[in-house]
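Got your viewer open? Let's walk through a few spots, with a selection to make at each stop.

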Amino acid sequence: MFGYSLKSILRTPVKTILFIILVAAVTVFSCLGFGMWNASNELLLKADRTYKTSALVEYVDDGYPSSTKYTDTMLRTLKTFDYSLLSDQEEVVRFDRQYDVGGHVEGFNMDQRTGVFSDLNVLVLRYLYTTSRGDIFSIAEAPYLGAEARFWSIKIGMQVDLAFSPDLSEPEEGSYQKGHYYMAHGRFFVNKDNTYRFMVMTGVNEAAPSEAAETLRYPFLDLGENRRERETWPSSAEFLLSQARFYQLSNTHISVHPTTDVSLATPFLQQETHLLEGGRYFTEEEYRTGAHKIIVSQRFASNMEVGIGDTVPLDLYSAFTLAEDGLSGTSDFWPSKQTFIESGDYEIIGLFQNTDTLLKTVYIPLSADDMRLMKLTAGYQMAVVQLKNGTGDSYYAKVKPGLSANMRFTIYDQGYAEAVAPVLSLQRTAVLISLISLASALAILLLFAYMYVSRQRETAGTMTALGTGRAKTTVYLLSCVLLVALTAAVIGVAIGFFLSEQVTRFAYERALQTTNVDHRFSAVYTNVETIALETDFRPHLAPLALVGLSVVLSSLLFAFILTFDVFKRKNGEKTRKAGKPTRKTAPEGSDHRGKEPANKVVSTSPALVSVLRGGARNLIVPLVSLVLLAFIGLFSGEIIHSEDQIKDLYDNSTVMGYYTTISGWRIENLLLDRETVRPVMESGFIDKTYKSSMIKLESGLKVVFTDSLRYSPEFFFGDEPIVQWAPGYDESIFQGDEDLVLISQKYAEENGLKPGDDLEFYFYMMFYGMNQKVEMRAKIVGLFNGVSAEEHVYLPFSKSTFTVLVPKWTMTGIIIEEEEEVELSYSSLCFKLKDLRNLSEFKEDLARRGYTSVGKFDRARKFVVIEDTLLNSSVANLERHISYMRILFTVTYLLAAVIGFVISYLVTKSRRKELAMMRSMGAGRIRTFFAFFSEQLLLALLGSLFGIGLIALFMGGVSSAQWLYFAGYFVSYLLGIALSVAVMNRVNVMDILTKED
Amino acid sequence: MSILELKNVSYIYKNRYQSVTAVDHVSYSFETGKVYALVGKSGSGKTTLLSMLSGLDLPTEGEVLYEGVSTEKMNRDRYRREDVAVIYQGFNLFPLMTVQENVMYPVRLQGKSREEAKKTASLMLEKVGLTPQQARRFPSMLSGGEQQRVAIARALAANSRVILADEPTGNLDVGNSRNIAEILVSLAHEMDYCVIIVTHDLGVAALSDVQVRMRDGRLLKEGEELEKSPEKPENVKENA
């Protein structure tokens, strides 16, 4: 039987080759689809293992990110904040609440390179005498000697001359008294003769207790005569001493991070640092018990001259002294009994690589039920959450409504979103190709089985008539199918295996171009470092072989089922039930007339006649057309709808951007030179800019020149302040150039001011080494309530340009003073983008100019953040949807062509006798082609019109774009029809007309 | 007058495995006004010859000439539309066209108007003895004999001078066979058609003017038998 099968196949080469090609093609497509799906799945798993996504939630207000300055608002907000909003989401893998904890390690002291305030000093000086060099003092005591001074070997007993910084007034000449001791705050300078000058200057505000802040204006104090010893110093010295203590503490204070998962800490996650060899992370047990283990930086360890296995004595302090209500308090940079948590010896178990910002950062383990938590409070960093990869957007959407205006949310995904976007697209394409392959395979394998089994019924009939048993005949039929299917499957798997990598890579690279969301400069998505995902699309043979095997088995299954139909027929004729003889013609003399037939001449066009009288078979083409067109309508409707949504998003969304620092922590005090940023502002991408310049007065008042109160940095992240304007005034004052000012309610109350009064102030500006006094007066036209900006006053931005006298050398060498207009640099600058469609171009423009986003550094040293996350996310989702629909489109068009071919082939083949008759009567090939083509065209058109009608009904109309899509589908379908009719047109007329069916 | 001529015509079927000479160097002339019966066993080449006479195929060797013009050089579609009509054993009527529409078809194919086609069809149907009521029916509602008459009417409607009939009575009973044969003979004798009938039916052959006999692709000469005598086996002795 197998031999006969082989002969039968070899003697019908055209049919055999055709079906080998068809079945192999199906196998190839199935292999490609499956291979692509497999590759994308493996890549997604790899990405999940490679990347870690975390979300950092911070509270941002005036004091951010200082650990010494908090507001009651912040304390209240964080104390009452429901952290379950962040922790109880399905996207969360791990949740680590952050606490602000101060620490002190005995013996740790930051050096000249790393120490803070290393150039500042608090000294006790004894007046000696006056020389041409100036007033000479000797250093009697050094409550605080900065690291720089120590580096220069400045010691107790050395002589220095004294100077005062330009913003301080000098004591009158001769006012120093011999034997008197003076306490001063300032820094050292080296004179030309290598002697030292001590310049008295103001200190750091955060240093002093609030009630002493006023006295920092003049950091030079006469202690009196013979007042070398501390016990003899007056109480007024306390503010300078606290300054010294602050510096000292700053250089020995360490930042302790109790954590439930140190690997979630941003520096580790962002690969700013990593654990060095020889160390380890905390164990689960150590977290659970809050063990006295510690992970420190390498530099910290070398500073302390310790290593892994050594212990360090650590004192823990909380950052606040809370009031009784627990919702307010004072920030306590100074360790005290009230803020003390505990002391203990902590064993070093790990060292991490040095970074400048992490020198004094240490990590200790913490568990959720650690009793020490009761004393801990949140700092500006509220929580770090590890998320399941790819869930950043959905998590952000869930938590954002619950965050207050001052809470900033940042996602670090190490580049995961960008890496997997094309992979997800690849996966969707693979699923699609697989589905289409499956549908095509079903149709083709059915046709294949039909051609090799059902069409062999005459042969089968002859075999059984000659005594070959049914089983052997079945074997013969199935062997034919097996031989062809096996050959085709092997070829298909081979080609599929060979092409899989190239095709998958091509699809991936295509997806890469269309799916990448531009996260550069993005506010929420920001990564210091991104990991590149290594792609490997090499296919595995085993799964593809499985596909080939499935094709073979499916073919055999269909063939086996059809054998039942074959054996139901006898000698080519279907056996009917008894009593119902087969009749091809009416018997002689019979009279079918019950009434006279009323068939009038309709047409002699076979096409039209077939359409009108074809009966049920004429439903197939219209139905198929209707279904396919309905799909096209659905897909095109989806595309158009999504495109409209994208357009809507671009037209109606507002995206703001702002300048910031490299860390992204501040958007004020930026000192942006106007000329430097002008090219970006005038690049054509910006619709509107909001700028401010700020001057801080000696009194502590902050004078802000702004063109928008809403977008001043104090209110940018928060709520707009409530303003009570004086009659006739509103926010438009900031666009004008009148001398008008808006002050806080609190400032007004404290200073007895009200709208209508004048506010007078002055400040100094340094030009060419000369201090120039600028005096201003502005009329108060409004009071605002704004907790975070009570020390701010707001004037129109135009007032930030001053006319000053600038000394200039003339040709004769005489210095004259000329008036010059001077503009303050921007202290903050934010902007609204014009056309959001050009967002990528704008980012490209920024990158070209050397701008970077947070955490990176380039030649411009300017850092910009754009709040485009939600827009990007929405647009990306829609674009992905569109690209998916477009793939479906293309596939549907191909399917239309194939279905058109198959259906019209079968329909035309069943009527080839008619075709032969027409040819025998002299109808040319073109005529016969158009006869059958127009018949199929009519039917397809009919179905299409119904389909379009349905779509119009359900979708409320058909757009002009959709008509184009429909036309494309129709052309594809007709191509299929044309091809099949052309193939059928080559019949052997005489053969068909002289042989019985 | 000779209208159709075969000049040393041969037709060889070839495939990968074998080649078969279906028609082997046949030369013959057919005249108008005569009925020719082409007789021979199955496989003798009759249908192949008919295929070449109708212009559906071209000879592998030789020429088929219609009115002196080789079919190879003419537009064979036009030849089949206007010069020759074929009637088949299986009637080969369009099942979805009425009888009248079937007969109108070749007339319309010639580019004539619907009215003219209708008129011609009515005339031809009447000629073959079918009623206007029968003209409005579908072929499946007629008997075999009636269907074959429709096929004849269709052939007549084309106004061709040559009618080729391939076993026209093959599916008919004796009575109908005779009727059809008589119609074909009258076409030749009364309307000066050249009628060539391929047939096994001896009764039909008997009605023809000329019997052209074929065997193994060749035309037999006078005295040659249609069937070869079987060769005597060696071991059979002849009777004394």
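## Stop one: a sheet in chain A

Keep in mind that this is a predicted model. Start with four strands of chain A, which form an open, antiparallel sheet in the order β2-β17-β1-β18. Select 92-97 and then 407-412: these are β2(A) and β18(A), the edge strands, and each has a single partner strand, so one side of each lacks a neighbour in the sheet. Going from one strand to the next, the twist averages 15°.

Next, add residues 381-387 of chain A to the selection, which gives you β17(A). β17(A) runs antiparallel to β2(A), and five bridges join the two. For a landmark in this pairing, click on Phe95(A): opposite Phe95(A), in β17(A), stands Val385(A).

Now what packs on this sheet? Select residues 72-80 of chain A and you'll see helix α3(A), which touches β1(A) (53-59), β17(A) and β18(A). The direction of α3(A) makes about 135° with that of β1(A).

## Stop two: a helix crossing in chain A

Stay in chain A and pick 13-50, helix α2(A), together with 541-568, helix α14(A). Their axes come within 9 Å and cross at roughly 145°. The crossing is right-handed.

Show side chains here. From α2(A), the contact takes in Val23(A), Thr27(A), Ser30(A), Cys31(A), Phe34(A), Gly35(A) and Asn38(A). From α14(A), look for Pro543(A), Leu544(A), Val547(A), Gly548(A) and Val551(A). Colour the residues of this contact by type and you get seven nonpolar, five polar and no charged.

## Stop three: a helix pair in chain B

Hop over to chain B and select 114-127 (helix α4) and 144-157 (helix α6). The axes of α4(B) and α6(B) come within 9 Å, crossing at roughly 135°. That angle is neither over 145 nor in the 65 to 115 range, so α4(B) and α6(B) count as oblique to each other. Their crossing is right-handed.

Which residues of α4(B) meet α6(B)? They are Thr120(B), Met124(B), Leu125(B) and Lys127(B), and they meet Ala153(B), Leu156(B) and Ala157(B) of α6(B). By type, the contact has five nonpolar residues, one polar and one charged.

## Last stop: zoom out

Finally, show chain A in full: 25 helices and 32 strands. Of its 997 residues, 51% are buried. Among contacts in chain A with a separation of 6 or more, 79% are between residues 24 or more positions apart.

Definitions and conventions: Residues numbered from 1 in each chain as written. Chains lettered and ligands numbered in written order. Predicted model: local features only at pLDDT ≥ 70, side-chain atom pairs only at ≥ 80, totals over all residues. Heavy atoms only, no water. Pairing = 2+ DSSP bridges. Axes fitted to C-alpha atoms, helices over the stretch in contact; angles between N-to-C directions. Contact = heavy atoms within 4.5 Å. Parallel < 35°, antiparallel > 145°, perpendicular 65-115°, else oblique. Left-handed = near helix turned anticlockwise from the far one by under 90°. Nonpolar A, V, L, I, M, F, W, Y, C, P; charged D, E, K, R; others polar. Buried < 20%, exposed > 50% of the residue type's maximum accessible area, 1.4 Å probe, protein only.
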